[in-house]
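Here is a short tour for a reader who has not met this structure before. Keep the sequence and the 3D view side by side while reading.

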Amino acid sequence: MTTAPRHVLLAGATGLTGRKLLALLLEDDSVAHVYAPTRHALPPHPKLENPVGMVSHLIAQLHGQADTVFCCLGTTIRQAGSREAFRMVDYDLPLSLGKHARALGASHYLVISALGADASSRLFYNRTKGELELALQKQEWPRLTIVRPSLLLGARHKPRMGEVFAAPFSRVLPGRWRGIEAGTVATAMWRLAKAPGSGLRIVASDELQQLGS
């Protein structure tokens, strides 16, 4: 019998996948408390602790109890405005989150990476994601789950035009290349968190589709 996470830390709760995951956490009776730092306030909920401010500052000030950590942070170079700003969101913040969560006693870190993540890639986006994966492994988590979805599908607060144009084509691609609904990724991540396991697990998009369906 698997014991579900009781005290959850969620970064990226206002994003496409994070919003879906937060809803699952708050609806699940096995979850006692969700700590979700955000730049903008979330709707109140009895189980939700939602400090508001600069996420980088809030991560550095983490406190309380956490056994499971989800990182749904992510942006694009276009949205961030520069490579440096992109790397802050997609590398520095997830790595800092892991460091401070480990200090709180968290034992399982689940993080969204990307299809094609590769620290040796010539593509800056893929290289950054791959470097993050390697850096997180060096934090020596008892359990580290890295999910690599393909193009995320769903309605964002601020649409990403590249995703808007690519979405129709991605739906007909084969296997792990097919676009995947953000809600499916969120469901898969929650099921992975509740399932038994240890060590490193990397989950490709086609497996996420199966787990989240």
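Start with helix α4, residues 83–103. It has 21 residues and reaches 29 Å from its first C-alpha to its last, close to the 30 Å expected at 1.5 Å a residue. Keep in mind that this is a predicted model.

**Helix α4**

Helix α4 is not straight throughout: it bends by about 35° at Val89. Which residues of α4 are buried? They are Phe86, Asp90, Tyr91, Leu93, Pro94, Leu97, Gly98 and Ala101. An α-helix has 3.6 residues a turn, so residues three or four places apart point the same way. The buried residues of α4 pack against two kinds of element. The helices are α2 (55–60), α3 (77–80) and α5 (124–137). The strands are β1 (7–11), β4 (68–71) and β5 (108–112). After α4 comes Gly105, with a positive phi near 100°.

**The whole protein**

Now step back. The protein has eight helices and nine strands. Of its 213 residues, 46% are buried. Take the contacts between residues at least 6 apart in sequence: 68% of them join residues at least 24 apart. The accessible surface comes to about 10700 Å², and carbon and sulfur atoms account for 56% of it.

How confident is the prediction? The mean pLDDT is 89, and 86% of the residues reach 70 or more. Residues 160–170 fall below 50; this stretch has 16 contacts in the model beyond near neighbours in sequence. Where pLDDT is low, the predicted coordinates should not be read in detail.

**The nonpolar cores**

The largest nonpolar core has 30 residues. Leu10, Leu21, Leu22, Leu25, Val34 and Phe70 touch the most other members. The elements giving two or more residues to this core are β1, α1 (16–27), β5 and α7 (182–194). Helix α7 gives the largest share, eight residues. Apart from this core lies another, of 23 residues. Its members include Val55, Ala106, Val111 and Ala135.

Leu22 shows how the largest core is joined up. Leaving aside residues up to four places away in sequence, Leu22 touches Leu10, Ala13, Val34, Leu42 and Leu48. Leu22 is also one of the buried residues of α1. The others are Leu16, Thr17, Gly18, Leu21, Leu25 and Leu26. The end C-alpha atoms of α1 are 18 Å apart, which agrees with the 16 Å that its 12 residues should span at 1.5 Å a residue.

**Helices α7 and α8**

Why is α7 described as largely enclosed by the rest of the structure? Because 10 of its 13 residues are buried. These are Ala182, Thr184, Val185, Ala186, Thr187, Ala188, Met189, Trp190, Leu192 and Ala193. From its first C-alpha to its last, α7 reaches 19 Å, close to the 18 Å expected at 1.5 Å a residue.

Helix α8 (residues 205–212) holds Gln210. Leu208 is in α8 too. Leu208 counts as buried, at 0% relative accessibility. Gln210 counts as exposed, at 64%. Leu208 touches residues of α7, among them Thr184, Ala188 and Leu192. Its other contacts, not counting residues up to four places away in sequence, are Val147, Arg148, Pro149, Ile180 and Val203.

Three pairs can be compared by their C-alpha distances.

| Pair | Apart in sequence | C-alpha to C-alpha |
|---|---|---|
| Gln210 and Ala188 | 22 residues | 8.0 Å |
| Leu208 and Leu192 | 16 residues | 9.5 Å |
| His63 and Tyr35 | 28 residues | 9.4 Å |

**Two loop residues**

His63 lies in the loop between α2 and β4. Is His63 buried, exposed or partly exposed? His63 is partly exposed, with a relative accessible area of 44%. His63 touches Tyr35, Glu49 and Leu104, not counting residues up to four places away in sequence.

Glu140 sits in the loop between α5 and β6 (143–148). Glu140 is exposed, with a relative accessible area of 64%. What is the phi of Glu140? Phi is near 55°, a positive value in a residue other than glycine. Most residues other than glycine have a negative phi.

Definitions and conventions
Residues are numbered from 1 along each chain as its sequence is written. This is a predicted model: local features need pLDDT of at least 70, side-chain atom pairs count only at pLDDT 80 or more; totals for chains, interfaces and linings use all residues. Side-chain values use heavy atoms; hydrogens and water are left out. pLDDT is the predictor's confidence in each residue, from 0 to 100. Contact means heavy atoms within 4.5 Å. Helices (H or I, at least four residues) and strands (E, at least two) are DSSP runs, numbered from the N terminus. Buried means under 20% relative accessible area, exposed over 50%, partly exposed in between (1.4 Å probe, protein chains only). Accessible areas come from the Shrake-Rupley method with a 1.4 Å probe; for residues, only the protein chains shown count as cover. The expected span of a helix is 1.5 Å times one less than its number of residues. The bend at a residue is the angle between axes fitted to the seven residues ending there and the seven starting there. A nonpolar core is a set of buried Ala, Val, Leu, Ile, Met, Phe, Trp, Tyr and Cys residues joined through side-chain atoms within 4.5 Å.
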